[in-house]
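Biologist: I am new to this structure. Please take a close look at the second largest pocket and tell me what lines it.

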Amino acid sequence: AKFVESNVGFSWRPYNDTRWALLGKYTFLYDVSALEQVGPNIADYDQRSHVLAFEGIYHPNHRWEFAGKLARRVGEVRFGRLQGEWADSSTTFAAVQARYEFKEVWHGLAEYRWLDVKDGGRKQGALIGVDRDIGKNFRVGVGYNFTQFSDDLTNFDYDHRGWFLNMVRSYWCMSAGPASRAPGDADFREG
């Protein structure tokens with residue numbers, strides 16, 4: 001067995017405007033499991049992959065949020081542990097998303113996503129959800145994925161259709177005090 005996973009990521013947002021954000025992540029994964037492993041959560045494939053993902057977010061006002069995500073996997077996979085030929089597993093994922101806040105604590109989400117797998121065809125579909133703020137820094141919600149795929153390109157399983165639980169924890173570091181509040185920063189509330 002051999003397993004190596006390395007990640008590095010970044011985030012960027014202008015210091016004087018919280019309406020824009022850019023996130024990125026690079027993942028290297030080398031996963032070859034021992035044949036002795038058994039159980040419902042054990043993958044039946046080996047992989048060596050490089051995944052690069054970017055997400056851009058725009059908040060035009062306190063009610064709306066728009067986002068786009070683009071990810072690319074370059075790598076190889078073989079089905080059957082420790083046996084078989086390695087095959088190209090290049091894949092591209094893209095998604096566009098809109099989120100709307102209503103009644104100050106509720107958030108509706110709609111996302112349309114595409115997956116293009118080399119030698120595996122194209123898949124596309126929607127994802128929807130609704131979240132509720134629980135306090136100032138925690139959000140919980142549920143949603144439904146109408147597609148069979150995940151935005152995690154290290155996962156080769158097409159069993160992601162169905163309900164999901166969404167939980168988000170956030171924090172603000174406002175060490176400079178209220179004077180550091182950026183124009184358009186709708187999430188900052190002086191208390």
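Modeller: What follows describes that pocket and then two loop residues. The model is predicted, so local features need pLDDT of at least 70 and side-chain atom pairs count only at pLDDT 80 or more, while totals for chains, interfaces and linings use all residues. Residues are numbered from 1 along each chain as its sequence is written, and side-chain values use heavy atoms, with hydrogens and water left out.

The second largest pocket holds about 310 Å³ of space. A pocket here is an open set of points on a 1 Å grid over the protein atoms alone, where a 1.4 Å probe fits, with protein on both sides within 12 Å along at least five of seven lines; lining residues have an atom within 4 Å of a point. The volume is the space filled by probe spheres set on the points, which are joined across faces, edges and corners.

The lining has 16 residues, and those nearest the centre are Lys25, Thr27, Ala53, Lys69 and Asp151. Strands E1 (2–12), E2 (20–32), E3 (45–58) and E4 (64–79) each give two or more residues to this lining; strands are DSSP runs of E, at least two residues, numbered from the N terminus. By type, the lining divides into 6 nonpolar, 4 polar and 6 charged residues, where Asp, Glu, Lys and Arg count as charged, Ala, Val, Leu, Ile, Met, Phe, Trp, Tyr, Cys and Pro as nonpolar, and the others, Gly among them, as polar.

Now the loops. Glu104, in the loop between strand E6 (91–102) and strand E7 (106–117), has a positive phi of about 65° although it is not a glycine. Asp119, in the loop between E7 and strand E8 (121–133), has a positive phi of about 60°.

Methods: Helix = DSSP H or I, 4+ residues; strand = E, 2+ residues; numbered from the N terminus.
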